[in-house]
Amino acid sequence: MTQVVTTINEVKSIRKAVLKEKSVGFIPTMGALHAGHAELMKQARKENDYVIVSIFVNPTQFDNTEDLEKYPSTIQSDIRMAEKETINCVWLPKYSQIYPDEYKYKVSESELSKTLCGTHRPGHFDGMLTVVMRLLNIIKPTRAYFGEKDYQQLQLVRGLVQAFFMDTQIVGVPTVREPTGLALSSRNTRLKPEEKENAPLLYKILKLAKSDEDARLDLEKNGFKVDYVQDINGRRYAAAYLGPIRLIDNVKI
Ligand code: AMP
């Protein structure tokens with residue numbers, strides 16, 4: 001039975017009382033859960049005695065108000081998915097609990113976070129790193145799970161726990177895709193039918209193009225508004241809009 005909790009005190013007392021000697025897996029999410037999130041849950045389930053999923057649409061990592069306002073919310077079906085994956089606890093934190101300081105204190109990274117998505121989404125990675133640090137400090141999980149779909153985020157979180165000597169192991173999970181190749185994302189539900197048809201081209205073009213410049217041109221030809229396509233250390237990263245929806249993906253090259 002999945003326990004649903006809302007307060008920090010509840011989560012902390014679970015961590016302290018029940019789990020002193022046990023391993024705890026943690027999956028931070030923003031909800032509207034799909035098979036990508038389920039994969040993180042399955043891996044955490046295999047590797048830990050107790051698994052906690054948080055669902056919190058973190059406002060400090062949104063640089064675009066409309067994106068925040070329109071972020072999909074499906075709490076009841078999210079809880080059902082957690083139950084199906086035999087998650088022990090779903091935590092639904094409130095903004096005022098996570099940010100008692102009103103976000104006067106934040107964590108920032110000065111190099112990687114200024115590239116790729118960081119160039120186009122000012123403040124996004126500060127908000128992400130800050131919320132991840134707060135959540136990890138509250139739960140103190142043995143392991144925390146992050147998707148490779150957000151590869152830059154995964155690298156930054158690894159750097160965060162190293163830089164601040166935090167005792168959580170960060171586990172990366174490969175990207176889950178639709179049969180068409182489209183990386184699953186909560187934002188995909190906002191794509192119009194014709195955009196949904198076009199969206200798998202992002203992955204296809206990233207994989208097949210000879211260079212990042214070729215990929216950019218090909219995406220533009222196919223109706224994407226490209227934020228960036230960039231090859232770094234054997235990986236090709238991209239972010240591009242279809243209508244108002246911003247899709248990101250990355251592939252090994
Ligand atoms: P989100 O709810 O979008 O903040 O995502 C929560 C976690 O799930 C992050 O670590 C994401 O990287 C991961 N995730 C989201 N979509 C996928 C996917 N298609 N495959 C693997 N992991 C994913």
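**Close-ups of a ligand site, two loops and a small sheet**

**View 1. Who sits around the ligand.** The shell around the ligand is made of 17 residues, and Met30, Gly147, Asp150, Val176 and Leu184 come closest. Keep in mind that this is a predicted model. Sort the shell by class and you get eight nonpolar, seven polar and two charged residues. Three elements each put in at least two shell residues: strand E2 (24-29), helix H2 (35-47) and strand E5 (143-147). Which of the elements gives the largest share of the shell? That is H2, with three residues.

**View 2. Polar contacts to the ligand's oxygen atoms.** Zoom in on Asp150 and you'll find a polar atom of its side chain 2.6 Å from an oxygen atom of the ligand. Met30 and Gly147 use their backbones instead: a polar backbone atom of Met30 is 2.9 Å from a ligand oxygen, and a backbone N or O atom of Gly147 also lies 2.9 Å from an oxygen of the ligand. How much of the ligand does the protein bury? On its own the ligand would expose 480 Å², and 93% of that is buried by the protein.

**View 3. Ser185 and its contact with Arg187.** Look for Ser185 in the loop that runs between E6 and helix H9 (193-198). Is Ser185 buried or exposed? Its relative accessibility is 13%, so Ser185 counts as buried, the cut-off being under 20%. The Ser185 side chain reaches the backbone nitrogen of Arg187 at 3.1 Å.

**View 4. Phe165, a loop residue with a positive phi.** Phe165 isn't a glycine, yet its phi is positive, at about 50°. The loop holding Phe165 links helix H8 (151-163) to strand E6 (169-173). Why does Phe165 count as exposed? Exposed means over 50% relative accessible area, and Phe165 counts as exposed because its value is 74%.

**View 5. The three-stranded sheet.** Here three strands make an open sheet, ordered E7-E8-E9, with antiparallel pairing. E7 and strand E9 (245-252) are the edge strands, each pairing on one side only. From one strand to the next, the twist averages 10°. If you're tracing side chains here, a handy rule is that in a regular strand they alternate between the two faces of the sheet.

**View 6. Strand partners, pair by pair.** How many bridges join E8 and E9? There are eight, and the pairing is antiparallel. To find your place along E9, start at Ile245, which stands opposite Leu242. E7 and E8 are also antiparallel, paired over seven bridges. A good landmark for that pairing is Val229, whose bridge partner in E8 is Ala238.

**View 7. The E7-E8 hairpin and Asn233.** E7 and E8 form a hairpin, and two residues lie between them. Asn233 is in this turn, in the loop between strand E7 (225-232) and strand E8 (235-242). What is the phi of Asn233? Its phi is positive, about 45°, although Asn233 is not a glycine. With a relative accessibility of 79%, Asn233 counts as exposed.

Note on methods
Residues numbered from 1 in each chain as written. Predicted model: local features only at pLDDT ≥ 70, side-chain atom pairs only at ≥ 80, totals over all residues. Heavy atoms only, no water. Near = heavy atom within 4 Å. Polar contact = N/O pair within 3.5 Å; in protein donor to acceptor, adjacent residues only side chain to side chain. Areas by Shrake-Rupley, 256 points an atom, 1.4 Å probe, with all protein chains shown as cover. Helix = DSSP H or I, 4+ residues; strand = E, 2+ residues; numbered from the N terminus. Nonpolar A, V, L, I, M, F, W, Y, C, P; charged D, E, K, R; others polar. Buried < 20%, exposed > 50% of the residue type's maximum accessible area, 1.4 Å probe, protein only. Pairing = 2+ DSSP bridges. Axes fitted to C-alpha atoms, helices over the stretch in contact; angles between N-to-C directions.
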